[in-house]
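I opened my notebook to look up a few things in this structure. Here is what I had on screen.

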There are 2 protein chains.
Amino acid sequence: MALIVQKYGGSSLESAERIRNVAERIVATKKQGNDVVVVCSAMGDTTDELLDLAAQVSPVPPAREMDMLLTAGERISNALVAMAIESLGAEAQSFTGSQAGVLTTERHGNARIVDVTPGRVKEALDENKICIVAGFQGVNKETSAITTLGRGGSDTTAVALAAALNADVCEIYSDVDGVYTADPRIVRNARKLDTISFEEMLELAAVGSKILVLRSVEYARAFGVPLRVRSSYSNDPGTLVTGSMEDIPMEEAVLTGVATDNSEAKVTVQGIPDLPGEAASVFRLLADAEINIDMVLQNISSLEDNRTDITFTCPRADGPRAMELLRAAQEEKGWLNLRYDDQVGKVSLVGAGMKSHPGVTADFAEALRDGGVNIELISTSEIRISVLIREHDLATAARAIHERFQLGGEDEAVVYAGTGR
Amino acid sequence: MALIVQKYGGSSLESAERIRNVAERIVATKKQGNDVVVVCSAMGDTTDELLDLAAQVSPVPPAREMDMLLTAGERISNALVAMAIESLGAEAQSFTGSQAGVLTTERHGNARIVDVTPGRVKEALDENKICIVAGFQGVNKETSAITTLGRGGSDTTAVALAAALNADVCEIYSDVDGVYTADPRIVRNARKLDTISFEEMLELAAVGSKILVLRSVEYARAFGVPLRVRSSYSNDPGTLVTGSMEDIPMEEAVLTGVATDNSEAKVTVQGIPDLPGEAASVFRLLADAEINIDMVLQNISSLEDNRTDITFTCPRADGPRAMELLRAAQEEKGWLNLRYDDQVGKVSLVGAGMKSHPGVTADFAEALRDGGVNIELISTSEIRISVLIREHDLATAARAIHERFQLGGEDEAVVYAGTGR
């Protein structure tokens, strides 16, 4: 008998009908002889509707109250799923994050899990009940304040619970039926992967794959919780995310997939005095404002005036704020010019095989050249190459790389739209 | 500086605009130098929408999950009111029932408050914050199960908190601006009362006045918490419910008001063997099914066959179930006949003055006779007379009694519709 944690995203729970379907799947899993713990996101657009209400009553809603507001969404879906399961004759019990022992820091809106003490969940499992836990939420033990875990929080709840309960697998259900070699909406013959290592999944998540949130994959790897990415609309086994790259025999190590991302903007600070600490001051400014930077390029100093340029990418949503901060500091710092570009895209190739197969970078660059795509920035890790290009070149670039490294399957991929929280 | 508990019903919170209005009133109360604790019902139709969703996923939703579902409604309104207050520059903090220390029995859907330990609320008040507490909900300490308090639960939360905090007054806001001498929709010159005693309010609540729930008035009387019934749409001071009848000088003791109720049905069991215990068996049958009976009449035994009739009233919603139970027992018990009538209405006169003014019952009966209204059942308490009549005679009867005892004011009353939870 296995212990299975299942996480269902908002699109899988968007109506009473979808909730009944999910309940049938849960009960079927239970009837196969498994212990089942379920983590639910809020139904469909509930979270957006609550955010809209908040905006109507307050221009800057306090984060603590926002958490109180938003956690209501998961309570609702939670209770409805439990009801639907009981109406099928199985026993269910729902738990808030607090009741399930999800203890967090007190940072409202983006709390971190510090411990999971699922004693009550274990008791209910011992009583042969299916346990339904509200995702995305926890509680700060000292202040008993209710917190939320930020983007992808329900995935993180599921993985953390799976780790604490020593579950055999954590299944992540959405409307996507697995991890593909590329976005099937862009590359028609993208192939679904049967398995992928944590490291590769981390790189894919980091470079823009929306299937799993980076944080939940990091958590799963740290605690050795196998993940299975599945669709709540089919019985396809999906993709298993597990093990380390070291477990993959070198001969079989291959390139895994192509990821595309058009959510970043490019910022260039020109004419920075080329002295120690000058580059650091740019990044400190952004770090203090909690703006994450991704790719960075510093040109060599031009000999004439002993100045240098720094180019970086950051989330497009933070772009205007980053520019505002830089403009405010420009005169004092003596920077000559600031440039902003949000028409950029990033395409990445990920695969453990990169380590053992020389020439991947050359092949990658040639594929883009043959596709007529110009490279603006390059960044690499041991198992990833990412380049910044024009946004309108993204699809061409992804197809060219996918083709060059023969990642495709023979069939065209089935395409689904949207993802849950 | 006073400590004021304010309770707002669902209709007072039905939109973002209404929530902003309520927030302004709360902040104004605070700025007058008071400590303020606010108890909120769920917004407008939220509860009905959640009940509808529950019905769609389960024919008989488990009570425990229903509580988890419904309490989300108060969390939402709670957080939104706190946000609206903070946007006006005051400090607010919201609390779930559990965080506010509302401890209850574990009877889901209709839990009783066993204790209120509002330590966290007190701390927040000491920090000069406005405290917003989710109404209608509590927690069972032993199992940490989330419970709801049943009909009128938010009023009960407010009164219980006011008692535990030793508040100076508990203000109950709805779309009704006070307690009237009669339903203003029926009696146009009904007069708003400035004050009413707990006992009189209890009698009015018991005989069908919808303004305050019986349970919250009982609680307020037991703990000596003055209540003020007010409208969130006006600045009228409303009606103060306070003190004991004994505090009212006898000379001033008057008749308070007329209440009408068309939510009951009349059941008659005919030809019951006139032996000890036979009447008890009828009532035991209903009690075991948790059907409350209100008025009861037992006729004297007819000498010929030594049998008797029992007539009683019960909530109309429970009428069909009561009849089913009685029919199932009829043959075994030897009852000759069962009769059911749901076209009845009850009109009541309440007032402390009844004790010291003889002849009230005679005047009451004459007023009905003059109005052409036939009396079917009579029941009285020390300060109340109720009679069962035809439902279509209710308005005529209420007006006739109101007129006879000169309860009216000179102006016509302003009429509002609907009430909150």
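My entries follow, topic by topic.

**Ground rules.** I am working with a predicted model, where local features need pLDDT of at least 70, side-chain atom pairs count only at pLDDT 80 or more, and totals for chains, interfaces and linings use all residues. Residues are numbered from 1 along each chain as its sequence is written, chains are lettered from A and ligands numbered from 1 in written order, and side-chain values use heavy atoms, without hydrogens and water.

**Two copies.** I laid chain B on chain A by least squares on the C-alpha atoms of residues with pLDDT of at least 70 in both. The RMSD is 0.2 Å, after a turn of 180° and a shift of 0.1 Å along the axis. That is the relation of a two-fold axis. In chain B, B:Ala72 comes closest to the rotation axis, with its C-alpha at 2.3 Å.

**Binding site.** I checked the UniProt record, an unreviewed entry. It places a "binding site" at A:Lys7, A:Tyr8, A:Gly9, A:Gly10, A:Tyr180 and A:Arg185; such annotations may be inferred rather than shown by experiment. These positions are spread in space, up to 24.2 Å between C-alpha atoms.

Is A:Gly9 buried or exposed? A:Gly9 is buried, with a relative accessible area of 0%. (Buried means under 20%, exposed over 50%, partly exposed in between, using a 1.4 Å probe and protein chains only.)

I then turned to A:Tyr180. A:Tyr180 is buried too, at 10%. Its side chain makes a polar contact with the side chain of A:Asp177 at 2.8 Å. (A polar contact is a pair of N or O atoms within 3.5 Å; within protein, one must be able to donate a hydrogen and the other to accept it, and residues adjacent in sequence count only if both atoms are side-chain atoms.)
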